[in-house]
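Trainee: I am new to this structure and would be grateful for a close look at a single part. Please take one pair of helices and explain how the two are arranged.

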Amino acid sequence: MWHDRNLPSAGSVNAANPAVDASAQTGRYDPTALEQRWQESWKADGVDTTEEGGEKPGFFALSMFPYPSGSLHMGHVRNYVITDVIARVQRMRGHAVLHPMGWDAFGLPAENAAIERNVDPGEWTDHNIDQMRAQLDRLGLSIDWSREQATCHSDYYRWTQWLFLELLEGGLAYRKNATVNWDPVDQTVLANEQVDGDGRSWRSGALVEQRQLNQWFLRITDYAEPLLNDLDALKGWPERVRTMQANWIGRSEGAEISFSVEGAEDQGITVFTTRPDTLAGASYVVLAPENELVDSLTSAEQKNTVEAFRKEVARLSTIERTSDDRPKRGVPIGSHVINPLTGAVLPVWIADYVLDEYGTGAVMGVPAHDQRDIAFAQSNGLPIQQVIDAEGAAEAIAAGQAWTDAGTLINSGSFDGTASSEAKGAITGHGAEQGWATSKVTYRLRDWLISRQRYWGCPIPVIHCDDCGAVPVPREDLPVELPRGIDLSGKGGSPLSQQSDWVNVACPCCGKPAKRETDTMDTFMCSSWYFLRFADPHNTEKPFSREAVNRWLPVKQYVGGIEHAILHLLYARFFTKALKDRGLVDINEPFERLLTQGMVQGITYRNATTGKYIAPADVADPDNPRDPNTGDKLEVLFEKMSKSKYNGVDPAAVINRYGADTARMFILFKAPPEKDLEWDDADVEGQFRFLQRLWRLVEAGAARIDSLEPMQRPADLSDADSDVRRALHLAIEAVSEDLSDEIQLNTAISELMKLSNAISSTGIEALSAPVLQEALSGLVRLLAPFAPHLAEEFWSRLGGSGSVHRQSWPVLDPTALVQDSVEVVIQVKGKVRGKLQVPASANKEELERLALASDVAEKWLEGAAPRRVIVVPGKLVNLVP
């Protein structure tokens, strides 16, 4: 796909026993040397290569692929380590695991970097990819790098273009005029992210205008209903994410109502409303300033006012126009409409808060029963007519608070006295009979605008011909490659439109001179199908085969940030459903289970007076933190790590000091995966000490056993053997459960600590060789997904054959959990006074007898009989004097 990677050779690694080297012989835990050695060994042996054939069931473990910024941060570490643990466990459980990695490599950051640095964005991106791949390798991730993909490489985006043509052929891609952000100084289109909170261009500082341009869209709204309904089937997704998607799709049931224009019976304005029960309370109708009806309905007297207002609104972003805390502004256009229910004549206005792309681009204003409308009516002296009555409604409306709850209709003619819930259907039905109302279901979801007037993106494979129109590039001519080495100034419209040699081509249909499409695709296009390419990454005939997709998809476990809950995840679901309808795949949903990991937060110092963040290195006394410049006392917070807050921790610094296994163990142990994690150096040190204790434990064990080949256990186990076997199998049971349905990595590591303590506290010398072997074999295999390098080292030192990562997951032996005796607590007067070892089968009467005969009872009861004895079998006996 690209240049071959220079994989480190095994070097001096002993082929028979890779653990044999200088650091191993010293008995010291040197994580840097140990981890590098095992990583080289794994690469040489192909330990992480995906098993293609065979009868093993497939398991696709996937992290959301990163943008190649060149720098790995702790959020990346957490994401990829969580997925890696899941992938390693599933391999040991007998699955063929697909665990790939790629790069979401197109987009504005690379283009901006190229403009600032005067470099080619492709070269900049490839350099960053190489850098981040090396950083990821240091974590010991079990990634199959042979399947690596980068969305900016033509052997990937060839298939993005191919899939676009599939959607175009299926009527799901189309072109229409749409509003965009326009920088009047740089003469270019801006993404929403390039417009600041004041509505100014991030580069030129100019006030951004709204302009109409021909743009490409995908008909995601055609899939609104299945996207919404199928959320119920995603049982492995967090409820929060499903709710966010449902709200984004935004299904609304209501009615479309037509208001005829006064004096022009053949003209009308159609609005959509979820509250047809309030129709009698409508006192005005509002059009979006961009609505095509504005030109024909504006009176001569209002023309200048309307045009001036439209220009003003054109400078505002969609976010500004729809902000709840911003005043709603508008002007009348000089026309009037007739309320179809009451016959009242209502003025027509245009207002900044109504958007042409939402609904019909027109709304009816019912001030008494909509908070936005009442604010607009009060600002502009428009009537406020109450039509829903309930206790407290009139008082609320008089105080400027719209009444939006249910009630009974008033001032609504023949519908007076009808419950508002019933009136919705009744008024809609009446309007349908009269020809001015229709029941309607609408969605908040809009069609997906994929056009970007930028350079660093996937070219849209269309050629525009004056005679033939928009002509698809023939598939055999794909990819349409980006021209390289062009001037990127960030000014003057689309950079591609200025490349005449690239733009001017012959029409594929008629052969006449034509022009390429100069828009590139939204980067979400590239990330909406990449998981499918991972299933069949080397296919040169098509983007993927149905057989490969059926083998690996849907993704069994997807891991990524909650910030992708809507756009990426929704677009990927849409893409999958659309490709199924095109006959390319059989799956209906791309991701079976989803884990949204929490953020990694660092200790942060902030001056509450100035709002400035202070670097920890500049805080002289952490116990009494003060601003070194002003002397102000600083707030001490935990916030998401970022450069601007000076609270980031460099993963490389942690790995250099403690090793990747310690970094992995800390980031998995500190908090449940879905919760935010507060970074604490002391806790990192604690994990390092735990791994050192494991090192000493295994060293001691290796002195007593030569091999991990199973040995015959004695028929009669000592108490020490029984206790350790029970601890082992309790850990197997708990860790296996923690790594199944609800992933709880922190409690799994806690179980490993318990098991380690149980073996250590019992003492290596007190155990028989077979039980010691079983315990250490189980401990090392349970540890392997979390600390893969150290587990591999332990496996080798204990005489295990092959790689620990190719061993089977430990199996629970229920008989090991059966206890001959248990320890019960003896309480006197409700306080614990001692403990007693009793037969596990003892009933209440036996427990009472043993407790009364104990030294504890003799001491604390002083010969007196208790008034009452409370027995909880297997747990406690409470003696009440």
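**A pair of helices**

Mentor: H25 and H26 are roughly antiparallel to each other. This is a predicted model, and the description that follows should be read with that in mind. Helix H25 covers residues 769–783 and helix H26 covers residues 788–797. The angle at which they pack is about 155 degrees, and their axes lie 8 Å apart. Angles over 145 degrees count as roughly antiparallel, and the arrangement of H25 and H26 is therefore given that description. As to handedness, H25 and H26 cross in the left-handed sense.

The side of the contact that belongs to H25 is made by Ser 777, Val 780, Arg 781 and Leu 783. These residues meet Ala 791, Phe 794 and Trp 795, which H26 contributes. Sorted by character, the residues where H25 touches H26 comprise five nonpolar, one polar and one charged. The polar one is Ser 777 and the charged one is Arg 781. Val 780 and Leu 783, on H25, are among the nonpolar residues, as are Ala 791, Phe 794 and Trp 795 on H26.

The spacing along a helix helps in reading such a list. An α-helix has 3.6 residues a turn, so residues three or four places apart point the same way. With this in mind, one may return to the contact and locate Ser 777, Val 780 and Arg 781 along H25, and then Ala 791, Phe 794 and Trp 795 along H26.

Note on methods: Residues numbered from 1 in each chain as written. Predicted model: local features only at pLDDT ≥ 70, side-chain atom pairs only at ≥ 80, totals over all residues. Heavy atoms only, no water. Axes fitted to C-alpha atoms, helices over the stretch in contact; angles between N-to-C directions. Helix = DSSP H or I, 4+ residues; strand = E, 2+ residues; numbered from the N terminus. Parallel < 35°, antiparallel > 145°, perpendicular 65-115°, else oblique. Left-handed = near helix turned anticlockwise from the far one by under 90°. Contact = heavy atoms within 4.5 Å.
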